[in-house]
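Subject: Structure for your use, with notes

Hello,

Please find the structure below. My notes on it follow.

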Amino acid sequence: MNPLEFIRAHTPFNLLPQEALAQVEQGLEITFFPKSSKVLARHGLKSQHLYMIRKGTARLERDGQAMMYLEEGEVFGYPSLISQDAPAFDVIAEEDLLVYRWPERVFRELMTHRPFAEFFTKGLAARLRLVTQQEGLEAAPIDLSLPVGELITRPPVFIARNATVQEAAKAMREHQISSILVEGSPLGILTDRDLRNRVLAEGKGPETPLADVMSAPAKILPASTPLFEALTFMVRQGIHHLPLEQDGRIVGVVTDTVFMRQQARSPLHLLRRLERTHNPEDLKGYGQELSGIAESLLAGGLGASEIGRSVSSLNDHLVRTLLRLAEERLGPPPTPYAWIVFGSEGRMEQALLTDQDNALVYAEESPEAQRYFAELAEYVVSGLIQAGFPPCPGGYMATRWRKPIAEWQRLFQHWVKMPTPQELLEAQIFFDFRSVYGELSLEPLERIVASSGEESIFLAHLAKASLHFRPPIGFFRQIREEDGGVDIKKGGIAPIVSLARVHALEAGSLAKSTVERLKIAAQENKLSPEGAETLIEAFGFLMKIRLRQQLTNLRQELPPDNKIRLEQLSSLERRHLKEAFLQIREMQEAMGQRFHTDRLG
């Protein structure tokens, strides 16, 4: 690779427009530093150049202590150029060092190009966003950030509220549409499914008043809503027709078929399949379809958080489908209950199928309740296995974890007041719970979780437990690989999830998603806004490279895991991975100091 090709392949030079590359080439100097020589001196002369390492490794030192290593493709010297101050570190050639460099004059000229300049002036959070955009983490066959209103192909059709179902059916046939809007307040909607399920299947006649079978109020979104948000809304609501509003009036209706034409592997495809499921045997292949959808959404330019919400919504529908089938088989429940999920599913941060994490809460204890819910749990857990969800190795499933709510309350209170290490682990797992089905209110449990932030000893123990997983940064600030890779979950994702949970509980928040927890923690001054923003961007970055690797594994018929091999990352991704790990470690140390975790036994 010639010098210019190498330079153009690395950030920030890949952010420059074509016309600026002539300046890069004309200003380029190539120089060599033998091993152990000093390139820049701390407190010495200010840097005269911007440097890029072509071959070798450089060591940043302060007071003789190695602070960081720079590798091929990484740049240095710019903090001194920008501040016009002396370098803050000694830069030592760790080994024979071949570098490209540009004099200050050329650097200043290149800084007139905004994307190039932002690389040097933005914080880590902004640069993580930049790497996601520039490194081609995804191709984009469809832009899911476009307004959903762009899918509207015809004006809406309305019918009077006092019409009959026969008149509505005639109007739908005349206009060749699968739904019709019903005038009046609130706005109603009648669909071809309503005609099939609420009229024909119920034996009602053509003179049935439309108002008796329509859905009202219709679920509406602004036409400016991004495509992905509209898609997620439809999946979550389980609807196939979505009226859109603009300037106070309905401007059209989009349907699931329009979405599916736009995107072959749409979540709505899978939603339809779930609605047609009558037996757990029908769920074979669900996991493969879900992986295809995650890949399609990633290719559509969505972030890992958005993909997680969409996938989790589908999994919620899967659970509801199985519970509906179980109730049809077992009869109505003897007492109200709630099916809860926790872990990544509770936080709506799933991307691919992960181990099951579920439990069951019911209102009143009785022999009949014990028998009924044991059979119900067995049916649903087996159905999830059929769909491709492996059993939880730790046994955190409703087949073991099902109790009356009073017992759950005692358990939650005990975890907060006198937790053992094992119970702290269970508190971290269960406190991310979310109800996906059932009529039982879980407010008593939510109150305990919300008030746990007032228990300083509990929070301190939770903070200490959350420091169990550490970023894999070695003594010289280099990323450590183990068994041929870096465990992104243990080293980055889990620490951020734990940091967010502790700070959100401290703020008294019941938010579940990691991003929302970090935002609330910043709003309540439990975390600095800059720290929260960096963790949010680092979380999205780590989730995305993990998902990309897992999808690659699946295409190669390998099991998806959490390991990333550094050589599979670009030089910029490796650099930002290291910076993200360092930032997470700093935030962990700050939390340890804040809660005095070193004083705990």
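On helix H17, the face turned away from the buried side carries the exposed residues Arg410 and Lys417. Please keep in mind that this is a predicted model.

The other side of H17 is made up of Ile405, Trp408, Phe412, Trp415 and Val416, which are its buried residues. Viewed down the axis of H17, these buried residues fall within an arc of 95°, so they line one face of the helix. The general background is that an α-helix has 3.6 residues a turn, so residues three or four places apart point the same way. As for what this face meets, the buried residues of H17 pack against two strands, S16 (358-362) and S17 (402-404), and against the helices H18 (421-430), H19 (443-451) and H20 (456-466). The length of H17 can be checked too: its 13 residues (405-417) should span 18 Å at 1.5 Å a residue, and the end C-alpha atoms are 18 Å apart, which agrees.

Helix H5 (residues 114-121) can be read in the same manner. Its buried residues are Phe116, Ala117, Phe119 and Phe120. Down the axis of H5 they fall within an arc of 150°, so they too line one face of the helix. Arg114 and Thr121 are exposed and sit on the face of H5 turned away from the buried side.

Helix H14 (residues 304-330) has 27 residues, and from first C-alpha to last it reaches 38 Å, close to the 39 Å expected at 1.5 Å a residue. Gly331 comes just after H14 and takes a positive phi of about 90°.

Backbone details

Two cis peptide bonds should be noted before you set anything up. One joins Ser185 and Pro186, with omega about 0°; Pro186 is in the loop between strand S10 (179-182) and strand S11 (188-191). Another joins Ala216 and Pro217, with omega about -5°, and Pro217 is found in the loop between helix H9 (210-213) and strand S12 (221-222).

Positive phi also turns up in residues that are not glycine. Met348 has a phi of about 60° and is placed in the loop between helix H15 (343-346) and S16. Is Met348 buried or exposed? Its relative accessible area is 16%, and the cut-off for buried is under 20%, so Met348 counts as buried. His596 has a positive phi near 50° and lies in the segment after helix H24 (571-594). With a relative accessible area of 38%, His596 is partly exposed.

Two residues in their surroundings

Leu499 lies in helix H21 (residues 488-506). At 2% relative accessibility, Leu499 counts as buried. Which residues does Leu499 touch, not counting those up to four places away in sequence? They are Leu535, Ile584, Met587, Gln588 and Met591. Leu499 and Ser466 are 33 residues apart in sequence, and their C-alpha atoms are 7.0 Å apart in space.

Asp85 is found in the loop between helix H3 (78-83) and strand S7 (90-93). At 47% relative accessibility, Asp85 counts as partly exposed. Leaving aside neighbours within four places in sequence, Asp85 is in contact with Lys46 and Ser80. From Asp85 to Leu445 the separation is 360 residues in sequence and 56 Å in space, C-alpha to C-alpha.

The chain as a whole

The chain has 24 helices and 20 strands. Its C-alpha trace spans about 90 × 60 × 45 Å along the principal axes. Of the 601 residues in the chain, 54% are buried. Among contacts with a separation of 6 or more, 72% are between residues 24 or more positions apart.

The chain exposes about 27000 Å², and carbon and sulfur atoms supply 49% of that area. There are 69 positive and 78 negative side chains, and the centres of the two sets lie 1 Å apart.

Regards

How values were computed. Residues numbered from 1 in each chain as written. Predicted model: local features only at pLDDT ≥ 70, side-chain atom pairs only at ≥ 80, totals over all residues. Heavy atoms only, no water. Helix = DSSP H or I, 4+ residues; strand = E, 2+ residues; numbered from the N terminus. Buried < 20%, exposed > 50% of the residue type's maximum accessible area, 1.4 Å probe, protein only. Contact = heavy atoms within 4.5 Å. Areas by Shrake-Rupley, 256 points an atom, 1.4 Å probe, with all protein chains shown as cover. Lys, Arg positive; Asp, Glu negative; His and termini not counted. Charge placed at Lys NZ, Arg CZ, Asp CG, Glu CD. Expected span 1.5 Å × (residues − 1). Arc of directions from axis to C-beta.
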